[in-house]
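Here are a few short exercises, each with a worked solution. Have a look at the structure first, then try each task before reading on.

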Amino acid sequence: MKITDVRTVLLTGPCTNDPFLSESRRLRSAAFIEIVTDTELVGVGETYIGYFFPESVPAIVDFFKPILIGQSVDNIDELWRRMYHCGNFWCRVGMGLSVLNGIEAALWDLKGKMYGLPVYELLGGKKYNRLPCYATGGPSNYPKEKLAAKLDHYLSLGFNGVKLGAGSLDTTGGGWQMPQTKREIAEFEADKMEFVRKHVGSGVQLMLDGHMGNSPTRTWDLDTAVTVLQALEPYDLLFFEEPLHYTDAAGYAELRRATTIPIAGGECLTGSCEWKMFTDLNCFDVGQPDAAFTGGLGEFMKVAALLEANGRKIATHAWGAGGCLMQNIHCGFASGNTLILEIPPDYAGLHSEIVRDSFRMEGGLIFPPEQPGLGVVLTDAIKHKYPFIPGSGEFNSVPGKMLTT
């Protein structure tokens, strides 16, 4: 079996069916890579860059395409090394490496289909019969009555874990808000978590996300993060995600020593080399690599092993479309230190029509996919149903460029 073509598929569809997440984001874009062969088999992978800057993906895929034409999938690591070296000056980390991630994922999907095996079997074998998961809930929708309804919605879907964002989103009273001072922020977040914990009880796993790697307004400094997290210690959080910006690796290390709450992060990091710096500094209790962004499924496994060797857990990050979801599930089942899987709740067509019955959740647990490859489909009907809308990627609004979708 030889590769005959490599092509990009850009799509735009509803971001989610979740009425609470929809208050902050209505559309999502996605970038899939198809690897065509001289057989009926086609490999499909996704790059998370397609959620942010989809227009950039086709040119980068075309750059790497000649390296793959005429090749087999016998040695995916070697094909990855060739692409990585070819783009050495601009894809050691960042966007180029994340697009390479989507190409490499499609190679694994193709190889799994060729051998009739789920991809996790090719990555070292299944380590679990099931894994816990959580609903990634995005913002904390306010007022509190709406926040309670949001929690009830996720629990009704079968989740036993929920992650909420710091601050609040009140569409009737000023949009996204964060208190001004560190003490006000700490008091607000503690009051929120007291309400949430009382509402859901002690049996539900709770997480908070500071989004400080992508803060919409003010980014916390170390002193603010310490004050907030120490105020949250009574509420039994599984972890607090991204309490600081990634430009403050030393701050992450100091914050870990200042609180009993496990610190999570890493969704914005690419490449095992970048991850090694953060791991060597002991920045995270829980690493959050994304198998559609980190640089490849192979890179994800290197990162997971690096964290495991340092006694750390991983919690997959997965906010792309259906390919991203399944790539992370396969890597999660193949890694020996997976704590929990992130799942987009109440997802829409760019998830449901792509993963179909490959995704199986029961009782707040994810079961390993059984289909060959990644277990994703990308039919002509899907491509026609969700035509790409230029400008539908997500970005941070600044003067002169405002996000409206």
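Let's start with a term: buried means under 20% relative accessible area, exposed over 50%, and partly exposed in between. One more thing to keep in mind is that this is a predicted model.

**Exercise 1. Find out how Glu 194 and Lys 198 are paired, and sort each by its accessibility.**

Step one: look at the side chains. Those of Glu 194 and Lys 198 meet in a salt bridge, at 3.2 Å from N to O.

Step two: place the pair. Glu 194 and Lys 198 are 4 residues apart in helix α8, so about one helical turn separates them. An α-helix has 3.6 residues a turn, so residues three or four places apart point the same way.

Step three: check the accessibility. Glu 194 has 33%, so it counts as partly exposed. Lys 198 has a relative accessible area of 66%, so it is exposed.

**Exercise 2. Work out which strands are tied together by the salt bridge between Arg 7 and Glu 34.**

Step one: get the distance. The closest N and O atoms of Arg 7 and Glu 34 are 2.8 Å apart.

Step two: locate both ends. Arg 7 lies in strand β1 (residues 3–14) and Glu 34 in strand β2 (residues 27–37), so the bridge ties together parts that are 27 residues apart in sequence.

Step three: sort the two ends. Arg 7 is partly exposed at 36% relative accessibility, while Glu 34 is buried at 3%.

Step four: widen the view. Arg 7 and Glu 34 are linked with Asp 380 and Lys 383 in a network of salt bridges. The count for the model comes to 21 salt bridges.

**Exercise 3. Do the same for Lys 163 and Asp 209: which strands hold them, and are they buried or exposed?**

Step one: the side chains of Lys 163 and Asp 209 meet in a salt bridge, with 3.8 Å from N to O.

Step two: Lys 163 sits in strand β5 and Asp 209 in strand β8 (residues 205–209), so this pair ties together parts that are 46 residues apart in sequence.

Step three: both Lys 163 and Asp 209 are buried.

**Exercise 4. Check the span of helix α7, then find what covers its buried residues.**

Step one: helix α7 (residues 144–156) has 13 residues, which should span 18 Å at 1.5 Å a residue. Its end C-alpha atoms are 18 Å apart, so the two agree.

Step two: pick out the buried residues of α7. They are Leu 147, Ala 148, Lys 150, Leu 151, His 153 and Tyr 154.

Step three: look for the cover. It includes β4 (131–136), β5 (161–165) and α8 (182–200).

Step four: move just past α7, and you'll meet Gly 158 with a positive phi of about 105°.

**Exercise 5. Explain why the sulfur of Cys 268 has no bond to the closest cysteine sulfur.**

Step one: count the disulfides. The structure holds 0. Cys 91 is in none, and the nearest cysteine sulfur, that of Cys 86, is 8.0 Å away.

Step two: turn to Cys 268. The closest cysteine sulfur is in Cys 324, 13 Å away, and that is too far for a bond. The cut-off for a disulfide is within 2.5 Å.

Step three: sort the cysteines by cover. Cys 91 is buried, with a relative accessible area of 0%, whereas Cys 268 is partly exposed at 33%.

Note on methods:
Residues numbered from 1 in each chain as written. Predicted model: local features only at pLDDT ≥ 70, side-chain atom pairs only at ≥ 80, totals over all residues. Heavy atoms only, no water. Buried < 20%, exposed > 50% of the residue type's maximum accessible area, 1.4 Å probe, protein only. Helix = DSSP H or I, 4+ residues; strand = E, 2+ residues; numbered from the N terminus. Expected span 1.5 Å × (residues − 1). Contact = heavy atoms within 4.5 Å. Salt bridge = Lys/Arg side-chain N within 4 Å of Asp/Glu carboxyl O.
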